[in-house]
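New to this one? Here is a relaxed walk through some of its strands, helices and rings.

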Amino acid sequence: MKYVLLLFIAHSMTMIAIGGTPFESKQNFESLFPSEDQGYIPYQVPPVIGAWFWGEEQFAPGGYKEFIDIVSMHSPYNLLTTGFRVRGRDITDIDVHNQVKLAVEYANEKGIKIALELDPRTAIRKFEALYPDELQESLWLEEVPLFSSTPVDAVVRSISLNDHMTGSRTPYISLTGSLRRVYAYHKTTGEIDPKTLKEITDECEVVFSSSDSMVVRLPAGKGDKPLHACVIVTYTHLAPDVFAPHLMEFTRQILRSYSDIPLAGAMRDEWGFPPSFPADRMASGNHFWYSQHYAAAYAEKTGGRELLKDCLLMFAGIKGKEQERYLAINHYMELNWQQNKMLEDDYYQTVKEIFGANAAVVTHPTWYPYPNRLESKKNGLYWWVARRDWAQTDEITPFGVRTALSKKWNSPIWYNQYYSTDGANYEGEIWSAALAGGRINYHPLYPSSKNRLDKHTLLFTDNLVQAESKVRLLNFISKSPLDCPVAVIFGHAATMNTMSPSFEEVGMELVNRLWQMGIPTDLIPSSEIEGGSVYIDENGWIRYGPQRYAAVVLYNPEFEKITTADFFNSASRGQSKLFRVGNWTMDFDGNSFDGNTVLSKQMVTGKSLDVICSSINAQLKKQNIDLQTPATRLIEGFGHVSNAPPVQGSARLIDGTLIQVSGKDNPAGDVIRSGKRVGKHTVNFDAIGVAAVRLDKNGEVEALAAGGLKYFKTGDFIIDLEERIDLAFRKNDRGEIEGIIQGHDREIPEPLLAITKNWTLLKVPVAYHE
């Protein structure tokens with residue numbers, strides 16, 4: 001199911017409203033955008049995405065029409081990522097299916113496409129009924145002292161797990177609790193003395209048990225030495241087990257049940273284990289995800305190790321088994337992201353099989369929008385392997401992650417689902433994102449006391465509509481992501497290992513410094529080396545998708561596998577300049593490993609971040625790589641701050657496209673009068689908001705996009721217009737020039753007809769006023 005932002009109709013000027021009337025010629029639509037699979041990207045022209053969350057009112061007869069009508073007239077959206085989390089409504093209900101079908105057909109008539117949230121979390125009671133033994137469990141360890149004179153009662157409580165996916169529905173409540181094990185032991189220097197470790201489960205009694213709490217009576221201690229006991233309890237939650245044998249098939253059945261609806265694709269939002277809140281308990285170290293199926297997968301991965309015993313080892317530590325503790329944590333955390341990757345891969349492939357190769361798989365895998373312990377617990381920090389058709393993130397996800405994901409999925413742009421309490425905040429986000437090769441996926445105002453419709457319509461102001469309409473011109477010419485000449489590759493295992501000195505440390509301070517210097521930098525986990533996505537090309541450059549790196553920093557390599565050493569030793573004979581921050585003293589299984597010596601001596605060891613940044617800057621100058629606009633804007637939230645581009649400046653894409661944006665003084669777009677170098681050539685612009693150009697190797701214009709263009713010149717190529725016009729044009733694969741003109745209903749000026757007669761006219765949405 002292919003949907004594109006624009007339609008080129010040869011030798012004609014046809015009025016098309018983005019989000020308005022449907023395309024008028026299917027034959028021309030198909031001829032411009034052929035049906036064969038275009039790699040990872042199903043749409044030749046990326047859409048403008050809005051997020052639509054249904055309430056009960058959308059299930060009334062025709063209840064979807066008002067919103068679709070408003071979107072089609074007053075917004076630039078042409079793809080709606082659509083979901084509902086309404087009490088009493090499951091995605092598997094026939095009346096839900098039928099209402100969705102009517103809504104999709106109506107939206108298609110208006111030129112709007114819908115990607116629907118088809119997710120087992122919106123039918124968890126159905127999953128529970130079918131597979132009661134395949135629900136997710138939380139494992140809690142409670143350590144208590146034992147007294148020689150009296151028994152001790154240990155209280156082990158569950159917690160309520162809830163997130164946006166449940167909405168007004170029943171959250172991921174605890175259903176039952178089970179006593180798994182009780183161990184008694186002496187402690188030496190904070191660790192368990194292995195000689196005293198003993199299981200005493202049979203000597204204990206459950207004196208109270210409910211769905212979310214349990215009281216276990218432990219026997220009195222024996223002997224003079226103080227004893228400790230650890231009570232291990234699991235609670236079963238109303239959520240599918242990530243390792244459930246039938247989870248994939250259940251999800252596939254949901255997708256198949258909507259195969260008769262002309263959906264543009266499906267959305268998968270913040271997948272993983274249930275949400276890890278409250279943070280103080282979930283990140284305290286005495287909680288693990290568990291199930292019989294998880295335990296079986298863990299045993300298979302580790303050669304027969306028992307997960308219950310290893311949870312005690314990971315939590316408390318056992319003297320003399322430090323190496324095994326490292327091993328257990330590393331394998332446990334790796335299994336988390338590998339299992340979630342497998343589920344995402346199956347979802348992606350199933351969507352393509354059911355809805356067609358060009359169906360879109362959308363929305364973000366990021367939950368806690370920062371690479372920290374909470375995100376590691378939810379999904380194993382798997383963002384880089386959660387396959388999407390365009391790079392997708394949300395909220396304050398660091399820009400280095402956004403740009404890296406665009407390389408992984410060969411995505412010409414990335415989308416970040418953004419929300420705020422104030423519509424004015426979206427204005428700056430539009431321009432800043434565009435300067436880094438990105439776009440907003442428009443989430444309605446949040447948090448907000450406004451009604452469901454107003455949360456959307458307050459974003460359909462003149463400033464926002466004008467700004468997005470100018471930025472979307474770039475979609476027509478964008479072929480590659482932002483050029484980021486530097487990569488920081490962080491140790492995936494080290495950042496998730498609670499025993500590591502570099503726990504939670506992925507190198508964001510270094511990444512922020514480089515962006516602030518005008519050096520866009522990709523942030524990538526080291527597991528992408530073993531997976532083959534980070535590789536050395538035939539010319540000796542380290543690459544990630546289409547991106548070639550002038551410099552690469554290996555950041556905190558503790559617990560890395562030998563494949564990482566082999567990779568960087570091979571890369572040391574190539575072109576990319578190599579750096580290392582942090583020591584490497586142990587391998588993935590916790591064995592001693594002198595990685596510092598094993599790595600090539602040509603790899604520069606960072607004494608400080610100042611030295612690293614200075615050396616990288618010098619390396620870029622040596623390779624004649626120009627700096628870009630410094631990322632001086634700060635994005636804050638969730639307890640973190642990171643750097644982002646400002647709302648005015650210039651950027652360079654991998655294919656050499658020069659992009660200039662400006663929304664500093666006027667949020668709808670400032671005048672841009674500039675003279676810039678593109679390689680050996682000079683380009684001059686007089687435009688508004690957006691000015692972008694790509695030249696071929698001979699200096700001829702291959703693509704151009706500009707808001708309010710008045711004048712453009714490079715060499716002998718000149719566009720000089722009497723009035724400003726929004727436009728974009730490009731050479732297609734056949735060498736023909738095709739173009740769009742936006743918001744212009746008069747005759748096409750002769751200077752533009754001299755370029756091509758193949759122009760299509762787009763309407764600019766009308767700002768919404770009640």
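## A strand with two faces

Take strand E6, residues 152-157, where the side chains alternate: Val152, Ala154 and Val156 point to one face and are buried, while Asp153, Val155 and Arg157 point to the other face and are not buried. That fits a general pattern: in a regular strand, side chains alternate between the two faces of the sheet. Keep in mind as you look around that this is a predicted model.

E6 has a partner, strand E12 (residues 213-218), and the two pair in the antiparallel sense over six bridges. If you want a spot to find this pairing by eye, look for arginine 157, which stands opposite serine 213 in E12.

## A three-stranded sheet

Further along the chain there is an open sheet of three strands, in the order E22-E23-E24, with antiparallel pairing. Its edge strands are E22 (534-536) and E24 (547-549), each of which pairs on one side only. From one strand to the next, the twist averages 35°.

Strand E23 (residues 542-544) meets E24 over three bridges, again in the antiparallel sense. Here arginine 543 stands opposite arginine 548 in E24. Arginine 548 has a second thing going on: its charged end sits over the ring of tryptophan 541, 4.1 Å from the ring centre. A lysine does something of this kind too, as lysine 561 lies over the face of phenylalanine 588, at 4.5 Å from the ring centre.

## Rings meeting rings

How many aromatic pairs does the structure hold? There are 32 of them. One is made by tyrosine 326 and phenylalanine 559, whose ring centres are 5.2 Å apart with the planes at 45°, so this pair is tilted. The pair links distant parts of the chain, with its two residues 233 residues apart: tyrosine 326 belongs to helix H9 (residues 322-355), and phenylalanine 559 to the loop between strand E25 (551-555) and helix H18 (562-571).

Are these two rings' residues buried or exposed? Tyrosine 326 counts as buried because its relative accessibility is 18%, and the cut-off for buried is under 20%. Phenylalanine 559 is buried as well, with a relative accessible area of 1%.

Rings also gather in a group: Phe243, Phe273, Phe288, Trp289, Tyr294 and Tyr332 form one aromatic cluster.

## Helices side by side

Two packed helices are described by the angle between their axes and the distance between the axes. Here are two pairs to look up:

| Helix pair | Axis distance | Axis angle |
|---|---|---|
| H16 (residues 508-516) and H20 (residues 609-622) | within 11 Å | roughly 40° |
| H5 (residues 247-256) and H9 | 10 Å | about 25° |

The angle in the H16 and H20 pair makes H16 oblique to H20, and H16 passes H20 in a right-handed crossing. For the other pair, the angle makes H5 roughly parallel to H9, and the crossing of H5 and H9 is right-handed. H9, remember, is the helix that holds tyrosine 326.

## A covered helix

Last stop: helix H8 (residues 307-316). How many of its 10 residues are buried? Eight are, so you can call the helix mostly covered. The buried ones are Leu307, Leu308, Asp310, Cys311, Leu312, Leu313, Met314 and Ala316. Just after H8 comes glycine 317, which takes a positive phi of about 80°.

Technical notes:
Residues are numbered from 1 along each chain as its sequence is written. This is a predicted model: local features need pLDDT of at least 70, side-chain atom pairs count only at pLDDT 80 or more; totals for chains, interfaces and linings use all residues. Side-chain values use heavy atoms; hydrogens and water are left out. Rings of Phe, Tyr and Trp (its six-membered ring) pair if their centres lie within 6.5 Å; planes under 30 degrees apart count as stacked, over 60 as edge-to-face and the rest as tilted. Helices (H or I, at least four residues) and strands (E, at least two) are DSSP runs, numbered from the N terminus. Buried means under 20% relative accessible area, exposed over 50%, partly exposed in between (1.4 Å probe, protein chains only). A charge sits over a ring if NZ of Lys or CZ of Arg is within 6 Å of the ring centre and within 35 degrees of the ring normal. Two strands pair if DSSP finds at least two bridges between them. Axes are lines fitted to C-alpha atoms, for helices over the stretch in contact, and angles run from 0 to 180 degrees between N-to-C directions. Angles under 35 degrees count as roughly parallel, over 145 as roughly antiparallel, 65 to 115 as roughly perpendicular and the rest as oblique. A crossing is left-handed if the near helix is turned anticlockwise from the far one by less than a right angle, and right-handed if clockwise.
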